[in-house]
Amino acid sequence: MTTESKAKYPLLYSFRRCPYAMRARMALYQAGLQCEIVEVELKAKPAAMLALSPKGSVPVLQLPSGEVLDESLDIMRWALTQHDPTAWLPAATRLSETLIEENDGGFKAALDRYKYPQRFPDSHSGEARAEGLVFISQLNTQLNGHAYLLGPQVSFVDIALFPFVRQFANTDLPWFAAQALPAVQAWLDSLVNSALFKTIMEKNRRHLL
Ligand SMILES: N[C@@H](CCC(=O)N[C@@H](CS)C(=O)NCC(=O)O)C(=O)O
């Protein structure tokens, strides 16, 4: 491969509405890293992406060195290790890890059963919603008078979690708005309306930065 043909920027295979891809795009943007984005159709994944990561999930990041990162949390950590202007990483604690594990585990499973009941004929959507609500209530308690999960500033854990909480809320917004979860509702509003989130959700975005 000649120097000219080498990729100059990291290449991100992404899907705009995927919560895992959202958290990766936010960290890459926060780190000020210029990346090329390939918007993937989940039903027709590009062969080039599958060659890099046969498990076939987005996001996938290919670095100019050829190294491949195909887990959203690894992409977030890598990006912020390059540049972390408001210290998202140092703020991370054992509590952040536990919340992320619960989010990506039981909460995500409940969210899928609530959001896509047709895919889970044996599951009861109301029960799945109640299960998800237990985690959301835990977040409401954790917010405890501060704007973000670990204190007054956004950190890694807020960004890792909120795309999933957003999906949960959007599944039935009037119901979500009627719950007594003022801290989570304010937290979600603040993150959904942030310039960072709006930027990474722009349609037809081919580049980050
Ligand atoms: N553990 C992975 C999960 C990524 C994931 O499941 N992404 C979904 C889209 S939201 C996906 O690509 N699913 C494969 C498919 O739908 O074919 C990560 O954190 O990156």
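User: What share of the contacts in the protein chain with a separation of 6 or more comes from residues 24 or more positions apart?

Analyst: Happy to start there. This is a predicted model, and in it residues 24 or more positions apart account for 71% of those contacts. Two residues count as being in contact when their C-beta atoms lie within 7 Å.

User: What makes the protein chain as compact as a globular protein of its length?

Analyst: Start with its make-up: the chain has 9 helices and 5 strands, in the order β-α-β-α-β-β-α-α-α-α-α-α-α-β. The radius of gyration is 18 Å, and the globule rule gives 17 Å for 209 residues; the two are close, so the chain is as compact as a globular protein of that length. Its C-alpha atoms fill a box of roughly 60 × 40 × 30 Å along the principal axes, and 33% of the 209 residues are buried.

User: Why is L89 called partly exposed?

Analyst: The count decides. L89 has 16 C-beta neighbours inside 10 Å, whereas a buried residue needs 20 or more and an exposed one has 12 or fewer. The value falls in between, so L89 is partly exposed. You will find L89 in the loop between α3 (72-82) and α4 (94-115). Beyond neighbours within four places in sequence, L89 is in contact with L80, D84 and F156.

User: How do you know where the buried residues of α3 lie around the helix?

Analyst: Those residues are S72, I75, M76, A79 and L80. Viewed down the axis of α3, they fall within an arc of 120 degrees, so they line one face of the helix. In general, an α-helix has 3.6 residues a turn, so residues three or four places apart point the same way. The partners of the buried residues of α3 are α1 (19-30), β3 (60-62), β4 (68-69) and α6 (156-171).

User: And what puts the buried residues of α8 on the same side?

Analyst: In α8 (residues 182-192) the buried ones are V184, W187, L188 and L191. Their arc around the axis is only 95 degrees, which places them on the same side of α8. P182 and D189, on the other side, are exposed. The buried residues of α8 pack against α5 (125-143), α6 and α9 (195-200).

User: Which class has the most residues on the side of domain 1 that touches domain 2?

Analyst: First, the parts: domain 1 covers 11-86 + 196-208, and domain 2 covers 94-194. 11 residues of domain 1 are in contact with 11 residues of domain 2. α1, α3 and α9 each give two or more residues to that side of domain 1, with α1 giving the largest share, 5 residues. By class there are 8 nonpolar, 1 polar and 2 charged residues, so nonpolar residues lead on the class definition used.

User: Why is N204 called exposed?

Analyst: N204 has 7 other C-beta atoms within 10 Å, and exposed means 12 or fewer, so N204 meets the cut-off. N204 sits in the loop between α9 and β5 (207-208). Its phi is positive, about 55 degrees, although N204 is not a glycine. Most residues other than glycine have a negative phi.

User: How do you know whether L209 is buried or exposed?

Analyst: By the same kind of count: L209 has 11 other C-beta atoms within 10 Å, and with the limit at 12 or fewer, L209 is therefore exposed. L209 lies in the segment after β5 and has a positive phi of about 80 degrees.

Technical notes
Residues numbered from 1 in each chain as written. Predicted model: local features only at pLDDT ≥ 70, side-chain atom pairs only at ≥ 80, totals over all residues. Helix = DSSP H or I, 4+ residues; strand = E, 2+ residues; numbered from the N terminus. Arc of directions from axis to C-beta. Rg over C-alpha atoms; globule rule 2.2 N^0.38 Å. Domains from an automatic or database assignment.
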